[in-house]
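This report walks through selected local features of one chain. Loops come first, then a helix pair, then ring contacts.

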Amino acid sequence: MKSILILGSTSDIGHALAKEYLTNGDTIILAARNQDALNQQKKELQKKFSADHIQSIIFDGCDFGSHQGFYDSLTQKPDGVVTVMGYLGEQKVSELSFKETQTVIDSNYTGNVSILNIIANDFEKRGHGFIVGVSSVAADRGRKSNYIYGSAKAGFSAYLSGLRNRLYHSNVHVLTVHPGFVDTKMTQHLSLPKRLTATADQVAKAIYKAQSRKKNIVYVKWMWRYIMGIIRRIPEGVFKRLDI
């Protein structure tokens, strides 16, 4: 039995992950910034799973100054952490408002780096643990439709790659997840292609499987690896003319 900290637990993917780890016999620590949503999530999970296996605590990924205190306050330090914190934002709004840009960057990159630095130091000292970061296929190449979000995720992917390199000899595993399109509350306003779109439950199962097998990088829908591989190989002189 392992203790798993889920950052951004009240998101659709976070909730699916909580159920996946509980189903497989682990204990979980739910962490999110909305107290009401957190209480509701805990109550819902307790109906199906043992209350002894579920804890909850308020956590705001963008309140960087609170992160050390948050981690210090955990009575039982986790064996693994999965962060699904993120914010898609609006590309057009970001182009006109740096406030929106900063929210996208802080939600997807800075907040994750802040808390994972703290956790990585602890795991390195203890000599075990795992870290799972949910990035995006948007990180693989900047496109005009979402390059603010994509650039924040690209930074996060690079951070996870470096963290994986750093922590390998300390027996700490780091997994980078590229979900592709996911049918969630965050994307409900978008028209997504069915074959390329995963459910939150599919993402959770893919994360659990990849983490258990100590994979380094996983694309939830296998075709995304090849789609983005092709997109990355398009010459820049051609790519800049495309409407994608």
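S9 sits in the loop between β1 (3–7) and α1 (12–23). Helices (H or I, at least four residues) and strands (E, at least two) are DSSP runs, numbered from the N terminus. The model is predicted: local features need pLDDT of at least 70, side-chain atom pairs count only at pLDDT 80 or more, and totals for chains, interfaces and linings use all residues. Residues are numbered from 1 along each chain as its sequence is written, and side-chain values use heavy atoms, with hydrogens and water left out.

**Loop residues**

S9 is buried, with a relative accessible area of 0%. Buried means under 20% relative accessible area, exposed means over 50%, and partly exposed is in between (1.4 Å probe, protein chains only). Leaving aside neighbours within four places in sequence, S9 is in contact with G14, H15, L30, A31, A32, L38 and Q41. Contact means heavy atoms within 4.5 Å.

C62 belongs to the loop between β3 (54–58) and α3 (67–72). C62 is partly exposed, at 32% relative accessibility. Residues up to four places away in sequence aside, C62 touches H67, D106 and S107. C62 and L192 are 130 residues apart along the chain, and their C-alpha atoms are separated by 29 Å.

K215 lies in the loop between α7 (200–212) and β9 (217–219). At 44% relative accessibility, K215 counts as partly exposed. Its contacts, without neighbours within four places in sequence, are H173, V174, L175 and A210. From K215 to K153 the C-alpha separation is 19 Å, with their positions 62 residues apart along the chain.

K214 is in that loop between α7 and β9 too. K214 has a positive phi of about 55 degrees, although it is not a glycine. K214 is exposed, with a relative accessible area of 54%.

Which phi does N171 have, positive or negative? N171 has a positive phi, about 65 degrees, and it is not a glycine. N171 occupies the loop between α6 and β6 (172–178). N171 is partly exposed, with a relative accessible area of 47%.

**The α5 and α6 helix pair**

Two packed helices are described by the angle between their axes and the distance between the axes. For helix α5 (residues 98–126) and helix α6 (residues 147–167), the angle is about 10 degrees and the axes are 8 Å apart. That makes α5 roughly parallel to α6. Axes are lines fitted to C-alpha atoms, for helices over the stretch in contact, and angles run from 0 to 180 degrees between N-to-C directions. Angles under 35 degrees count as roughly parallel, over 145 as roughly antiparallel, 65 to 115 as roughly perpendicular, and the rest as oblique.

The α5 side includes T101, V104, I105, N108 and Y109, and the α6 side includes I148, Y149, A152, K153 and G155. By class, the contact of α5 with α6 has 14 nonpolar, six polar and three charged residues. Ala, Val, Leu, Ile, Met, Phe, Trp, Tyr, Cys and Pro count as nonpolar, Asp, Glu, Lys and Arg as charged, and the others, Gly among them, as polar.

G155 is in helix α6. At 23% relative accessibility, G155 is partly exposed. G155 and V113 are 42 residues apart in sequence, and 9.8 Å apart in space, C-alpha to C-alpha.

**Rings**

Rings of Phe, Tyr and Trp (its six-membered ring) pair if their centres lie within 6.5 Å; planes under 30 degrees apart count as stacked, over 60 as edge-to-face and the rest as tilted. How many aromatic pairs does this rule count? The count comes to five. Two edge-to-face pairs are tabulated here.

| Pair | Centre to centre | Angle between planes |
|---|---|---|
| F181 and W224 | 5.0 Å | 85 degrees |
| W222 and Y226 | 6.0 Å | 70 degrees |

The F181 and W224 pair links distant parts of the chain: F181 is in strand β7 (residues 181–183), W224 is in helix α8 (residues 223–233), and they are 43 residues apart. F181 is partly exposed at 31% relative accessible area, whereas W224 is buried at 6%. In the other pair, W222 is exposed at 57% relative accessibility, and Y226 is exposed at 53%.

Charges also sit over rings. The rule asks for NZ of Lys or CZ of Arg within 6 Å of the ring centre and within 35 degrees of the ring normal. K77 lies over the face of Y71, at 5.4 Å from the ring centre. R141 lies over the face of F239, at 3.8 Å from the ring centre.
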